[in-house]
Amino acid sequence: MSVSTPTTTHAADRTDIRPVQLALDLAALGWHVFPLSPSNKRPLANCLDCHNNPHCAAGDYRGCVCLPDGQWCHGVRAATTNPDRITTWWRRVPDAVPAVAAGPSGLVLIDLDTHTSQPPRDPAAELLPGISLTEEQVPGGYGSVRNGIDAMHLLARLRGGPHPWPAGPDHQPVSVRTPSGGRHLWYRAPDGHLHQALSALGWQIDIKAGWSYGIAPGAVTRAGAYAVHAGTPRDPGRMPDWLLHEVRRVAGPKPEPPPAPAAPAPQGRGNAVGYVRTVLDNGASELAALTDGRKAALGALAYKIGGLLTWAGLTTADVEDHLIHAGLASGLTHRDARRIVQRSLTNGLARPLPAPRDGHSA
Ligand SMILES: [Zn+2]
Ligand SMILES: [Zn+2]
């Protein structure tokens, strides 16, 4: 895919550009940018006021005064094209990594991973979810699909007809090679609402849309460069029709989510149950905002809750559904969420935490 060569030289095509210049150049093209920490590629931390404000801490940014004030609090929600804000942010953290908010920029990012994870246990169901697949349809067999790039080629073969990747600038995404050998394909977003869909289009294929984000084309992290090898941020192409259809199928408007299961039952010790519930709710909000590290974050949350159960007079059954729901809401599969929650709860339960000193600061 994306075989044509860049026709213009842009900051994003070079790897020697300063982060602030890359951010400013992308912003001038309408790409909404915000800073990530150079050490962990997560959004820079909220200010102390937000940290201490229970609404902000729970992930509710709507009443936050920092955003209208031009602070970088609340990660992707702060993304902007305002050159003064960008200049101020990068003056404070010059080596911050620019990230791009997909939806506000009118973009959708197709993120093809090359995680060295185990191949799916049930390839027929997991390689291309929602598409009935048989091994005869996969040249070279299931084992030949080793990463998201392979899964994308398989999808193109099954859905794209004889010429799945139309040539010409109209359909040329900004195609980026990631440090781990994956691909980022930035396309112009279609009309209508899209949301983030993780592994729904295919195994190791994530769709970042709406309020999700990706590292800016041309950015350099400690792991390496996000080098543009085709297309230009001046004019990202449109998805071919078959791909647009598939993306809408999995990332289009979704039905109302099922109501969250009731939080821990009111037996146990009153205040302690309330504390556990607060830890759970805050953890679920943080989880929902993550794009990376969701499995680890869910495991850490379940482990912490498990450590509090004995103190709170609760059992794993009181919290398990709620934790699994938090994992599902963050985009994990049911199987992953259940496996992580059950294992981490058990581990946490085996290592009880001391009673929290301040039951109100969860
Ligand atoms: Zn703040
Ligand atoms: Zn805030």
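**Strand pairing around S2 and the setting of histidine 184**

In this predicted model, strand S2 pairs with strand S8 (residues 213–215) in the antiparallel sense, over three bridges. Within this pairing, alanine 101 has tyrosine 213 of S8 as its bridge partner. Strand S2 also pairs with strand S1 (residues 33–36), again in the antiparallel sense, and here four bridges are found; leucine 36 stands opposite valine 97 of S2.

Strand S2 itself, which spans residues 97–101, is mostly covered, with five of its five residues buried. Cover is found on both faces of the strand, since Val97, Ala99 and Ala101 are buried on one side, and Pro98 and Val100 are buried on the other.

A second site described here is histidine 184, which lies in strand S5 (residues 183–188). Histidine 184 counts as buried because its relative accessible area is 7%, and the cut-off for a buried residue is under 20%. The side chain of histidine 184 is joined to that of aspartate 111 by a polar contact of 3.4 Å. When neighbours within four places in sequence are left aside, the residues in contact with histidine 184 include Leu109, Ile110 and Asp111, as well as Val174, Ser175, Val176 and Thr178, together with Ile215 and Tyr226.

The protein chain that holds these elements contains eleven helices and eleven strands, and 47% of its 362 residues count as buried. Among contacts between residues at least 6 apart in sequence, 74% join residues that are at least 24 apart. The accessible surface of the chain amounts to about 17600 Å², and carbon and sulfur atoms account for 52% of this area.

Key: Residues are numbered from 1 along each chain as its sequence is written. Chains are lettered from A and ligands numbered from 1 in the order in which they are written. This is a predicted model: local features need pLDDT of at least 70, side-chain atom pairs count only at pLDDT 80 or more; totals for chains, interfaces and linings use all residues. Side-chain values use heavy atoms; hydrogens and water are left out. Helices (H or I, at least four residues) and strands (E, at least two) are DSSP runs, numbered from the N terminus. Buried means under 20% relative accessible area, exposed over 50%, partly exposed in between (1.4 Å probe, protein chains only). A polar contact is a pair of N or O atoms within 3.5 Å; within protein, one must be able to donate a hydrogen and the other to accept it, and residues adjacent in sequence count only if both atoms are side-chain atoms. Contact means heavy atoms within 4.5 Å. Accessible areas come from the Shrake-Rupley method with a 1.4 Å probe; for residues, only the protein chains shown count as cover. Two strands pair if DSSP finds at least two bridges between them.
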